[in-house]
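Okay, thanks for coming, everyone. Let me put the model up and then talk you through it.

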Number of protein chains: 2
Amino acid sequence: MSKTTPTFQLPLGVRLDIPQITYLKDPESSDLGRRIVTGSIELMDEIGFDDFTFKRLSNSIDTTEASLYRYFENKHKLLLYLTTWYWYWLEYRLVFGLANLTDPKEKLVKAIQMLTEEVQQDSYFAHIDETKLHRIVINESSKTYLTRMVDEENKMGAFRGFKRVVALVSSIVMELNKNFKYPHMLISTVIEGAHHQRFFAEHLPSLTDKVRGEDPISSFYTMMVLQSIGYKK
Amino acid sequence: MSKTTPTFQLPLGVRLDIPQITYLKDPESSDLGRRIVTGSIELMDEIGFDDFTFKRLSNSIDTTEASLYRYFENKHKLLLYLTTWYWYWLEYRLVFGLANLTDPKEKLVKAIQMLTEEVQQDSYFAHIDETKLHRIVINESSKTYLTRMVDEENKMGAFRGFKRVVALVSSIVMELNKNFKYPHMLISTVIEGAHHQRFFAEHLPSLTDKVRGEDPISSFYTMMVLQSIGYKK
DNA sequence: TAAGTTTCAATAGTGTTACTATCATTATCG
DNA sequence: CGATAATGATAGTAACACTATTGAAACTTA
């Protein structure tokens, strides 16, 4: 037992098994590691990925640059770790949230909801602020793959988290319409689209639409999916 | 008359009026300026925005770093210039391509086509390779707004080009269904979505779908738009 | 043709970032 | 208690993103 942060037992003994390409040393394995994760979410949410540096992070969590490099090769890999964590967490919540449902339409609607809505919950996992992490995913996650290293990193499984979520929800689409030709395109469009729309709503509102009394982003994508797969009431 | 590059008269005397926030000195106003634009498209397409530096550009077009800084404040602004150019060019083509059509459905289908298909044409404008520029837009355009400076740059009109394209096509959507609640969301989803899907098709294929004998990206988004606005044959 | 003005090249220099390396110190664990 | 792993402290390097200054062409206008 560590004497500093309490070793919080994850719900149901779950442990998110993040691919190793993202880190050099598992940040879950030490107190410093967890502080790096906590602190980087805090700082990146505050100043954004571009201004985020290992120097600033080391100051804010009171350690040294050199120590950070023992856990993560560079800040890009750290972002990859954080976003991957988010996808695995989302997958976990999806599987859990859909477990008891039998009606495929209901399953799909709930899944789309979970993919597109804002994250309110907090403290599922001790040292991670999911709300802040979600904002980071909205603002920065495209930057994980829009790089020269995509192909190489992809080979090593860096994007497995995102792919699994897409595959999971696509399979529900196929339950509802087995002749649908574009399930993956549809779902990856929804996920990335919802992120961009949240960004637009905050910064470039003329690229979105506001509707009183509802979350237009969730509503729009739910409607869009059902219409696209030709769902009849 | 300049003695170096021939002063190519733009089709119909059109001149794309790119907002000034993107540049310090109009690159259309000199030979060096045009070489910067040509060379940056070439180089950025080749090595990507992240590895692209003013030093490398100055070497490749045989000028100095300092000279580049006279035209563009930094490489971010240069990317902004290039993508804005692309949006204005697209808007121009859209207006032109839809001019003779009266049936709103036909107009919408053609517009979606133009928004989502690959750019084959070339040499509309003398010193710009539109095919390479389109690849840059696909790979890098999200980076123009996913920054800390969005709000500030937006105030100064930096994203007018994108907004105008979205507004233009949204208005066609509204012609077809005046009660539709999410025209801007729909169209900005299509544009950004199509870019991402092209990227996925090349690098992360399990996030897309392939269909023999058609361009699945154009087909998917055309279908998606028509279904979403509830178009009945 | 001379003078002014714009344009660009050349060079140098600064602060910051993204690392890498080394060695001392402190926990942890068998 | 001794070994080993984890961290801290410090230093240093190469590249990058600029800024500043000066001087030479070239082009413009009187």
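**The DNA side, then the dimer contact**

Let's start with DNA strand C, which has 17 residues around it, the closest being Asn74(A), Thr63(B), Ser67(B), Arg70(B) and Tyr71(B). A residue counts as near a molecule or strand here if one of its heavy atoms lies within 4 Å of it.

Before I go on, the housekeeping: this is a predicted model, so local features need pLDDT of at least 70 and side-chain atom pairs count only at pLDDT 80 or more, while totals for chains, interfaces and linings use all residues. Residues are numbered from 1 along each chain as its sequence is written, chains are lettered from A and ligands numbered from 1 in the order in which they are written, and side-chain values use heavy atoms, with hydrogens and water left out.

Back to strand C. Of its atoms within 4 Å of the protein, 56% are sugar or phosphate, and the rest belong to bases. I'll be calling some of these pairs polar contacts, meaning N or O atoms within 3.5 Å; within protein, one must be able to donate a hydrogen and the other to accept it, and residues adjacent in sequence count only if both atoms are side-chain atoms. The side chain of Tyr71(B) has an N or O atom 2.4 Å from a phosphate oxygen of DNA strand C, and for Ser67(B) the side-chain distance to a phosphate oxygen of that strand is 2.8 Å. Arg70(B) goes to a base instead: a polar side-chain atom sits 2.9 Å from a base nitrogen of DNA strand C.

Which helix gives the largest share of the surface near DNA strand C? That's α3(B), with four residues, and α3 of chain A and α3 of chain B each put in at least two. Helices here are DSSP runs of H or I, at least four residues, and strands are runs of E, at least two, numbered from the N terminus. By class, that surface has five nonpolar, six polar and six charged residues. For the classes, Ala, Val, Leu, Ile, Met, Phe, Trp, Tyr, Cys and Pro are nonpolar, Asp, Glu, Lys and Arg are charged, and the others, Gly among them, are polar.

Now over to DNA strand D. Here 16 residues surround the strand, and the closest are Thr63(A), Arg70(A), Tyr71(A), Glu65(B) and Asn74(B). Sugar or phosphate makes up 59% of the strand D atoms within 4 Å of the protein. Thr63(A) has a polar side-chain atom 2.4 Å from a phosphate oxygen of DNA strand D, and for Tyr71(A) the distance to a phosphate oxygen is 2.7 Å. Arg70(A) has a polar side-chain atom 2.9 Å from a base oxygen of this strand. On this surface α3(A) gives the most, with four residues, and the classes come out as five nonpolar, six polar and five charged.

Okay, the protein-protein part. How much area do chain B and chain A bury between them? About 4,500 Å², 63% of it on carbon and sulfur atoms; buried area is the accessible area (1.4 Å probe) that two parts lose on being put together, summed over both. Leu146(B), Arg148(B) and Met185(B) supply 16% of what chain B buries against chain A, more than any other three residues. In terms of contact (heavy atoms within 4.5 Å), 52 residues come from chain B and 52 residues from chain A.

On the polar side, there are 27 residue pairs in polar contact between the two chains, both residues at pLDDT 80 or more. α10(B) gives the most to the side of chain B that touches chain A, with 12 residues. That side divides into 23 nonpolar, 17 polar and 12 charged residues. The rule also finds two salt bridges across the interface, a salt bridge being a side-chain nitrogen of Lys or Arg within 4 Å of a carboxyl oxygen of Asp or Glu. One of them joins Glu214(A) and Lys181(B), with the closest N and O atoms 3.7 Å apart.

Last stop, inside chain A. Thr144(A) is in helix α7 (residues 142-145), and its side chain reaches the backbone oxygen of Ser141(A) at 2.6 Å. Is Thr144(A) buried or exposed? Buried, because its relative accessible area is 4%, where buried means under 20%, exposed over 50% and partly exposed in between (1.4 Å probe, protein chains only). Ile191(A), in helix α10 (residues 183-203), is also buried, at 1%. Leaving aside neighbours within four places in sequence, Ile191(A) is in contact with Trp87(A), Leu115(A), Phe162(A), Val165(A) and Val166(A).
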